[in-house]
Amino acid sequence: MIRLNENYLKLKSSYLFADIAKRVAAFQQQYPDREIIKLGIGDVTRALPKVCIKAFHKAVDEMANDATFRGYGPDQGYGFLREKVAEHDFGARGAGIDADEVFISDGAKCDTGNFQELFSNDITIALPDPVYPVYVDTNVMAGRTENFTNGRYQGLVYLDGTKANGFVPGVPDVHVDLVYLCYPNNPTGAVATKAQLGQWVDYARREKALILFDAAYAAFIRDESLPQSIFEIEGAREVAVEFRSYSKTAGFTGTRCAYTVVPKNCMIYDAAGKAHPLHQFWNRRHTTKFNGVSYPVQRAAEAIYLGDGPRQVREITNFYMSNATMIRGRLTELGYACTGGTNAPYIWIDAKMDSWEFFDLLLHGAGVVCTPGAGFGKCGEGYVRISAFNNPKQVSVALDRIAGALRGHAPQPAGDATPSVN
Ligand SMILES: *Cc1c(COP(=O)(O)O)cnc(C)c1O
């Protein structure tokens with residue numbers, strides 16, 4: 001009899017996006033003439049930068065010729081990309097990372113989800129709330145939690161994100177072995193200062209813990225005093241792993257390319273307390289289960305660092321950040337307290353009512369779709385996330401309609417907006 005890994009039965013089905021889709025579909029059926037604008041999506045809307053397309057095409061042409069064709073590449077990624085990552089994303093910011101500490105992959109979702117395979121099953125894990133669900137669910141699947149009761153998995157240490165701590169929870173006053181951090185944050189848009197990350201690095205060194213740092217949104221940081229990488233913090237190399245992705249940075253959500261940095265002096269301990277370099281185990285896992293990212297995709301990613309690449313990428317992130325500024329400004333003007341939107345493409349809004357109630361108010365009153373914060377954890381209740389991944393015209397129309405709805409005005413008449421792009 002084929003038996004199930006019953007940890008899968010513990011998973012609380014993530015109904016969030018299905019629930020949203022259901023409510024939107026019901027609304028659309030009831031009011032077929034109303035145009036809906038989606039500000040709930042965590043996906044990019046702009047095309048790949050021109051430099052990437054050019055490099056992509058060139059690499060595809062190389063595949064068409066026996067002399068330049070490439071078969072299996074290195075599992076960890078081609079040297080040309082790993083070297084550029086080390087130099088531009090870390091070296092240029094004073095963080096010493098070697099090319100062979102960079103593992104190219106097909107996504108930060110897979111990497112953040114897979115990394116937990118390297119850990120013993122009885123470790124204690126701290127996670128922020130609200131949270132990117134991948135960190136939680138992959139540990140549930142692995143059997144590191146008890147059941148889901150009262151909105152939380154028993155056996156995890158939740159780090160409460162609140163208005164009081166600006167959604168940057170501090171270190172816990174208990175011991176944990178592993179902590180997930182994500183800055184700039186999805187869903188709250190909050191960012192951590194060097195001092196705040198420094199406290200985590202100190203904590204991890206003291207407790208012999210490991211930090212898994214998700215920096216998928218590093219490219220959206222505009223305040224130059226903020227760290228873009230945890231490796232800008234002294235001592236972090238010994239206690240941290242960092243995940244990055246080209247998905248939001250350069251529109252690679254459908255193209256797929258990301259990387260994970262595991263410093264060679266970052267240690268993990270066996271049951272006897274003996275230290276081992278973590279790098280060798282991620283290398284072993286990666287080479288056993290992964291066969292590399294396609295050559296043209298790695299060439300497309302490399303183009304981001306060359307010639308006009310940095311400018312083109314900056315232009316795209318600026319485009320989204322100007323939407324973010326517009327959203328944050330308008331909601332603030334309407335009297336809503338906002339987190340994020342200044343160094344992140346998400347704006348986290350204190351709804352001053354139940355998350356889903358506010359969602360319905362925006363849907364029915366404005367024809368605008370947002371994401372209820374309750375879907376990201378207990379601490380997300382009473383908040384909604386608005387995404388800046390859209391075009392400015394849509395955002396502007398959406399904000400006008402939101403202003404109307406929130407002032408208690410009648411919903412806008414149909415047919416006054418540009419059609420939704422997604
Ligand atoms: C979008 C996102 C990622 C990127 O995932 P990919 O698999 O690289 O597309 C990683 N972490 C967070 C928090 C994200 O929102």
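User: Let's take buried to mean under 20% relative accessible area. How many of the 8 residues of helix H10 are buried?

Analyst: Happy to start there, with the reminder that this is a predicted model. Helix H10 spans residues 295-302 and is mostly covered. The buried residues in H10 are Tyr295, Pro296, Val297, Gln298, Ala300, Ala301 and Glu302. Out of the 8 residues in H10, the number buried is 7.

User: Which elements do the buried residues of H10 pack against?

Analyst: The residues doing the packing are Tyr295, Pro296, Val297, Gln298, Ala300, Ala301 and Glu302, which are buried in H10. Their partners are three helices and a strand: helix H3 (50-63), helix H4 (79-90), strand S2 (102-105) and helix H8 (246-250).

User: How is the chain divided, and what distance separates the centres of the domains?

Analyst: Domain 1 is made of two stretches, 6-47 + 310-405, and domain 2 covers 51-305. Their contact takes 34 residues from domain 1 and 44 residues from domain 2. Taken over C-alpha atoms, the separation of the two centres is 25 Å.

User: Where does the largest nonpolar core lie with respect to the domains?

Analyst: This core has 103 residues, and Ile211, Tyr246 and Phe252 have the most contacts inside it. Both domains give residues to the core, so its place is between domain 1 (6-47 + 310-405) and domain 2 (51-305).

User: Which residues does Ile211 touch, leaving aside neighbours within four places in sequence?

Analyst: Ile211 is one of the residues with the most contacts inside the largest nonpolar core. In general, nonpolar side chains tend to be buried together in soluble globular proteins. For Ile211, the contacts are Val179, Leu181, Trp200, Val201, Ala204, Ile230, Val239, Ala240 and Val241.

User: How many residues are in the second, separate core?

Analyst: Among the members of this core are Tyr135, Leu156, Phe243 and Trp282. The core is separate from the largest one, and its residue count is 25.

User: Why can the buried residues of helix H2 be placed on the same side, and what arc do they cover?

Analyst: The buried residues of H2 are Leu16, Ile20, Val24 and Phe27. An α-helix has 3.6 residues a turn, so residues three or four places apart point the same way. The buried residues sit on the same side of H2 because the arc they cover around the axis is only 60°.

User: Which exposed residues are on the face of H2 turned away from its buried side?

Analyst: On the buried side, H2 packs against helix H12 (355-366), strand S15 (368-369) and strand S16 (371-372). The face turned away from there carries the exposed residues Lys22 and Gln29.

User: Is Asp19 buried or partly exposed?

Analyst: Asp19 is found in helix H2. Its C-alpha is 9.9 Å from that of Gly375, although the two are 356 residues apart in sequence. The relative accessibility of Asp19 is 24%, above the 20% under which a residue is buried. Asp19 therefore counts as partly exposed.

User: What is the relative accessible area of Thr188, and what surrounds it?

Analyst: Thr188 is in the loop between strand S7 (178-182) and helix H7 (194-207). A polar atom of its side chain lies 3.2 Å from the backbone nitrogen of Ala190. Beyond residues up to four places away in sequence, Thr188 touches Pro130, Phe167, Thr339, Gly340, Tyr346 and Trp348. Thr188 is buried, with a relative accessible area of 2%.

User: Pro130 is in contact with Thr188; which residue is joined to Pro130 by a cis peptide bond?

Analyst: Pro130 is in the loop between strand S3 (125-129) and helix H6 (133-141). Omega of the cis bond is about 5°, and the partner of Pro130 is Asp129.

User: What is omega of the cis bond from Asn186 to Pro187?

Analyst: Pro187 is in the loop between S7 and H7, and Thr188 is in that loop too. For the bond from Asn186 to Pro187, omega is near 15°.

User: What is the phi value of Arg256?

Analyst: Arg256 is in the loop between H8 and strand S10 (258-261) and is partly exposed, with a relative accessible area of 30%. Although Arg256 is not a glycine, its phi is positive, at about 75°.

How values were computed
Residues numbered from 1 in each chain as written. Predicted model: local features only at pLDDT ≥ 70, side-chain atom pairs only at ≥ 80, totals over all residues. Heavy atoms only, no water. Core = buried A, V, L, I, M, F, W, Y, C linked by side-chain atoms within 4.5 Å. Buried < 20%, exposed > 50% of the residue type's maximum accessible area, 1.4 Å probe, protein only. Domains from an automatic or database assignment. Contact = heavy atoms within 4.5 Å. Helix = DSSP H or I, 4+ residues; strand = E, 2+ residues; numbered from the N terminus. Polar contact = N/O pair within 3.5 Å; in protein donor to acceptor, adjacent residues only side chain to side chain. Arc of directions from axis to C-beta.
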